[in-house]
Amino acid sequence: MNKYAIGVDLGGTSVKAGVVSLDGKIINQISIPTEAEKGPETVANQIVKAIKEVSAEAFGKEIVGIGVASPGLVNLDGNTVEAPPNFKHWDSFPLRDTVFKGLANGLPLLIENDANAAALAELKFGAGRGEDDYLFVIWGTGVGGGIIIDGKIYHGPHGGAGEFGHGSIDYNGPQCNCGNIGCIESYIGQRYLSTRATKYLENKKESVVWKLVNNDASKIEPQVLYDAAMEGDAAATEIMSEAGELLGVAISSFMNVMNFDLAIVGGGVSAAGDLVFTPMNKRIKKSVMAPLRPVARAIPAQLGNQAGILGAAGLVM
Ligand SMILES: [Zn+2]
């Protein structure tokens, strides 16, 4: 068991790198700025720097390989990454090969989309252990996803499978960032959810939410809605409960197509727990095909913000 892998979680503001044991423990971890505004060459350099820094702390340990979890579309070549959101001057860039050359240590280096990596982390070390097939949903700023089939990440013929947040639940719904109409993300992604909540609360000045944000509508966000709901506020409970149910609608459609019975849901907003999971599961039970009803369920992810590093390391373990 004296073997380790290095996992890198590439984010818009920081590059996190960790040394991970084969049983999924992060034994040490560092974080440096991404410098995303300086373009992909700089970002690749920062990744190299983070890996070298964390490797130095792992002196004397056997490192079996390195994995990188990156936002954006990771092509099937396992090398080029296209247009990660919030990264400047980045069209298509050979991230894997650039980092590999920069490291010059010859260790296996694999790169994977960040939501897929998080899905893999849950499979190896979290809520997905012992499962073969499930949908992983990451519910935060946006709504992302990863699909596990037969215990492996499913990439699809163009490498971009798992864009769960851009399945539409209403063709007359709101305009989504991606260009489509009524995507689940355009209802419950953090920013959209905050906007919807603000509108809903306009005529409900008695709601605790207004007190919590000092009447500043720009401060209404899922965390505040959660806090208000925990104080028994009816309007906040209603909004979060509806968000959970909407996610249930999207999950059950996916389950019906794939014949899946499990969804693992992580990300910041999912931390609202039963407040969103109870209505989500109620909707799933109602909306899946009859044979799935006794078994279909959505459960919380277990790894939180460690999922990026763990999933990246999991690529080479
Ligand atoms: Zn969309």
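1. Two strands are taken as paired if DSSP finds at least two bridges between them. On that basis, the predicted model holds an open sheet of 5 strands in the order β11-β10-β9-β12-β13, and the pairing in this sheet is mixed. Its edge strands are β11 (152-153) and β13 (297-300), each of which pairs on one side only.

2. Within this sheet, β9 (residues 134-139) and β10 (residues 143-149) run antiparallel and are joined by 6 bridges. As a point of reference for inspecting the register, Ile138 stands opposite Gly144 in β10. In general, strands of a sheet pair through backbone hydrogen bonds, in either a parallel or an antiparallel arrangement.

3. A further antiparallel pair consists of β2 (residues 14-21) and β3 (residues 26-33), with 7 bridges between the two strands. Here Gly18 stands opposite Gln29 in β3. The two strands β2 and β3 form a hairpin, with 4 residues between them. In the turn of this hairpin, Gly24 has a positive phi of about 85°.

4. As to the overall division of the chain, domain 1 comprises 3-122 + 306-314, while domain 2 comprises 130-301. Domain 1 is thus assigned in two segments. The C-alpha centres of domain 1 and domain 2 are 28 Å apart.

5. The contact between the domains involves 10 residues of domain 1 and 17 residues of domain 2. The size of an interface is often expressed as the accessible area that is lost when the parts come together. For domain 1 and domain 2 the buried area is about 1,000 Å², and carbon and sulfur atoms give 64% of this area. Leu76, Asn116 and Glu122 supply 45% of the area that domain 1 buries against domain 2, more than any other three residues.

6. Which polar interactions cross the interface of domain 1 and domain 2? The rule finds 0 salt bridges across this interface. It does find 2 residue pairs in polar contact there, both at pLDDT 80 or more.

7. On the side of domain 1 that touches domain 2, the elements that give two or more residues are β5 (73-74) and α3 (114-125). Helix α3 gives the most to this side, with 6 residues. By residue class, the side of domain 1 that touches domain 2 divides into 7 nonpolar, 1 polar and 2 charged residues.

8. For the model, the salt-bridge count comes to 7. One of these salt bridges is formed by Arg196 with Glu242, whose closest N and O atoms are 2.7 Å apart. Arg196 lies in helix α5 (residues 190-201) and Glu242 in helix α8 (residues 234-258), so this pair ties together parts that are 46 residues apart in sequence.

Methods:
Residues are numbered from 1 along each chain as its sequence is written. This is a predicted model: local features need pLDDT of at least 70, side-chain atom pairs count only at pLDDT 80 or more; totals for chains, interfaces and linings use all residues. Side-chain values use heavy atoms; hydrogens and water are left out. Domain bounds come from an automatic or database domain assignment. Contact means heavy atoms within 4.5 Å. Buried area is the accessible area (1.4 Å probe) that two parts lose on being put together, summed over both. A salt bridge is a side-chain nitrogen of Lys or Arg within 4 Å of a carboxyl oxygen of Asp or Glu. A polar contact is a pair of N or O atoms within 3.5 Å; within protein, one must be able to donate a hydrogen and the other to accept it, and residues adjacent in sequence count only if both atoms are side-chain atoms. Ala, Val, Leu, Ile, Met, Phe, Trp, Tyr, Cys and Pro count as nonpolar, Asp, Glu, Lys and Arg as charged, and the others, Gly among them, as polar.
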